[in-house]
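Trainee: I would like a close look at one part of this model. Please start there and then work outwards.

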Amino acid sequence: MSFAGYFINGTVRDNELFAAVNDELRRQRDQVELIASENFVSEEVLSAIGCVMTNKYAEGYPGKRYYGGCKFVDVAEKLAVERVCRLFGCKFANVQPHSGAQANLSVFYALAKPGDVILGMGLAMGGHLTHGSAPTISGKWFRAVNYGVDEDGFTDYDQVRRLALEHKPKIIVAGASSYSRKIDFGRFREIADSVGAFLMADIAHYAGLIAAGLYPSPVGAAHAITSTTHKTLRGPRGGVILTDDEAIAKKIDGAVFPGVQGGPHMHIIAAKAVAFFEALQPSFKEYARNVLDNSIMMADRLKELGLNIVSGGTDCHMSVVDLTKLSITGKIAETELEEAGITCNKNAIPFDKLPPQQTSGIRIGSAAMTSRGLKTTDFKKIADLIYKVLSGYGKPGHEELKKETRSETLRICGEFPLYGKDRALP
């Protein structure tokens with residue numbers, strides 16, 4: 001890709017940034033990307049991210065802006081709203097959140113007051129920082145109570161009910177950051193109703209699979225639904241909020257703007273509209289099916305090789321691998337695999353005895369490399385490479401083994417180009 005074209009008159013005026021962007025493109029091109037929260041957008045989405053709508057301020061909402069000249073950005077936002085509502089079968093959407101974290105904060109701002117109780121999955125059990133973790137706003141503004149998983153790694157719904165009855169939360173959060181099994185949103189709603197709580201479903205990781213009908217949908221169960229627009233939706237970095245309740249929709253609109261944000265990023269909203277359009281096509285369902293099949297293959301193969309998968313497997317695009325048997329930390333595994341050409345992230349396992357900076361596991365996902373065209377046979381090979389590198393750690397010949405693995409990951413990446421020739425590096 002020639003980054004020079006993005007500069008005035010095609011002249012590169014920042015060689016340091018040019019080098020960094022080119023290096024990042026080279027890294028993405030040449031690494032097997034398994035970070036579960038990452039994906040590769042289409043060239044059309046990439047183009048929209050860089051479009052001239054980035055120049056436009058548009059505080060407010062379509063038809064009710066605080067700036068003039070919003071006629072055409074209104075079209076983009078209306079398209080994004082209409083498409084995402086059609087994609088998930090809901091009535092109302094706010095596409096302005098800059099991230100999933102701000103989408104979550106907006107719902108908290110709309111439906112609760114500082115000091116209220118919120119009940120979410122604990123970070124160490126697979127939840128997300130924004131679900132009440134102590135260092136975040138949600139953990140500081142609200143009285144956060146955490147539920148977790150049972151000894152088999154599945155959501156402990158009895159604990160959720162018990163904590164809800166004890167603490168009477170204003171909001172119950174159903175969703176996770178590193179939980180690979182299906183979430184029973186209907187069961188969560190029953191618990192929420194029993195204590196008069198709002199149910200918020202955070203589907204950031206599962207959204208693409210939900211859109212394709214391959215994972216349970218919270219529509220009809222949750223009062224408010226939040227998501228990122230990247231991950232399995234394969235769109236730009238950003239957030240979205242969905243609801244079927246008109247009164248809640250109005251509260252959410254006010255919470256997003258002017259509650260927690262100023263002007264929306266109209267180029268990102270344009271890119272969201274493109275991504276939603278792509279997700280509405282029949283080909284996206286095939287893509288999502290491949291994402292799921294590839295994830296299951298990778299998890300099952302690692303189990304065959306002797307590694308433990310948290311909860312015993314996966315129902316989505318990601319798995320958490322327990323490394324206890326190998327006596328290796330997640331931090332070491334992350335570093336060793338990256339040097340071999342495989343990118344993942346260290347991740348805590350339920351009831352982990354190691355600190356968050358070390359962890360006893362890694363999280364792996366299939367969405368990004370599925371976007372590049374890899375199939376189940378390729379993911380089986382990747383699982384073999386993961387095991388080869390990690391099981392060989394600390395043994396004689398390990399550095400040579402990593403070099404051999406690096407050659408294989410480069411071959412795989414070369415077989416499945418990231419973008420077309422016009423975006424290839426020289």
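In which helix do Glu82 and Arg86 lie, and how many residues apart are they?

Mentor: Bear in mind that this is a predicted model. Glu82 and Arg86 both sit in helix α3. They are four residues apart, about one turn of the helix. Residues three or four places apart in an α-helix point the same way, because the helix has 3.6 residues a turn. The two side chains meet in a salt bridge, at 2.8 Å from N to O. Glu82 counts as partly exposed, because its relative accessibility is 38%.

Now look at what packs against α3. Its partner is helix α10, residues 266-279. The two axes are 8 Å apart and meet at an angle of about 35°. The crossing of α3 and α10 is left-handed. From α3, the contact uses Val73, Ala76, Glu77, Leu79, Ala80, Arg83, Val84 and Leu87. From α10 come Met266, Ile269, Ala270, Ala273, Val274, Phe276, Phe277 and Ala279.

Next, the loop that precedes α3. The loop between β3 (64-65) and α3 (71-88) holds Tyr67. Tyr67 is partly exposed, because its relative accessibility is 39%. With Tyr57 and Tyr66, Tyr67 makes a nonpolar surface patch of about 390 Å². Setting aside neighbours within four places in sequence, Tyr67 touches Lys56, Tyr57 and Glu59. So Tyr57 appears twice for Tyr67: in the patch and among the contacts, where 4.5 Å between heavy atoms is the limit. Ala201 is another matter. The C-alpha atoms of Tyr67 and Ala201 are separated by 33 Å, and the two residues are 134 residues apart along the chain.

Go to the other end of α3. Cys90 lies in the loop between α3 and β4 (92-94). Cys90 is buried, because its relative accessible area is 11% and the cut-off for buried is under 20%. Beyond neighbours within four places in sequence, Cys90 contacts Cys85, Val219, Leu242, Thr243 and Asp244. Gly220 is 130 residues away along the chain, yet its C-alpha atom and that of Cys90 are separated by 8.3 Å.

Two of those contacts, Leu242 and Thr243, lead to strand β10 (239-243). The loop between β9 (224-228) and β10 holds Arg234. Arg234 has a positive phi, near 65°, and is not a glycine. Arg234 counts as buried, because its relative accessibility is 18%. Helix α9 covers residues 246-260 and includes Pro258. A cis peptide bond joins Phe257 to Pro258, with omega about 10°.

Back to salt bridges. The count for the model comes to 20. The Glu82 and Arg86 pair stays within one helix, α3. Others reach further. Asp158 and Arg187 meet at 3.8 Å, N to O. Asp158 lies in helix α6 (residues 157-167) and Arg187 in helix α7 (residues 185-195), so this pair ties together parts that are 29 residues apart in sequence. Asp158 is exposed, because its relative accessible area is 53%. Arg187 is partly exposed, because its relative accessibility is 33%.

Lys346 and Glu334 form another bridge, at 4.0 Å, N to O. This pair links distant parts of the chain: Lys346 in strand β14 and Glu334 in helix α12, twelve residues apart. Lys346 is partly exposed, because its relative accessible area is 26%. Glu334 is buried, as are Gly330, Ala333, Glu336 and Leu337 of the same helix, α12 (residues 330-339). The cover over these buried residues includes β13 (342-343), β14, β15, α14 (376-391) and α15 (398-415). Glu336 also belongs to a network of salt bridges with Glu339, Glu399 and Lys402.

Two backbone points finish this region. Gly341 follows α12 and has a positive phi, near 95°. Thr359 has a positive phi too, about 65°, although it is not a glycine. Thr359 sits in the loop between β14 (345-347) and β15 (361-365). Thr359 is buried, because its relative accessibility is 3%.

Key: Residues numbered from 1 in each chain as written. Predicted model: local features only at pLDDT ≥ 70, side-chain atom pairs only at ≥ 80, totals over all residues. Heavy atoms only, no water. Patch = residues over 30% accessible without salt bridge, like charges linked within 9 Å, V, L, I, M, F, W, Y side chains within 5 Å. Areas by Shrake-Rupley, 256 points an atom, 1.4 Å probe, with all protein chains shown as cover. Helix = DSSP H or I, 4+ residues; strand = E, 2+ residues; numbered from the N terminus. Buried < 20%, exposed > 50% of the residue type's maximum accessible area, 1.4 Å probe, protein only. Axes fitted to C-alpha atoms, helices over the stretch in contact; angles between N-to-C directions. Left-handed = near helix turned anticlockwise from the far one by under 90°.
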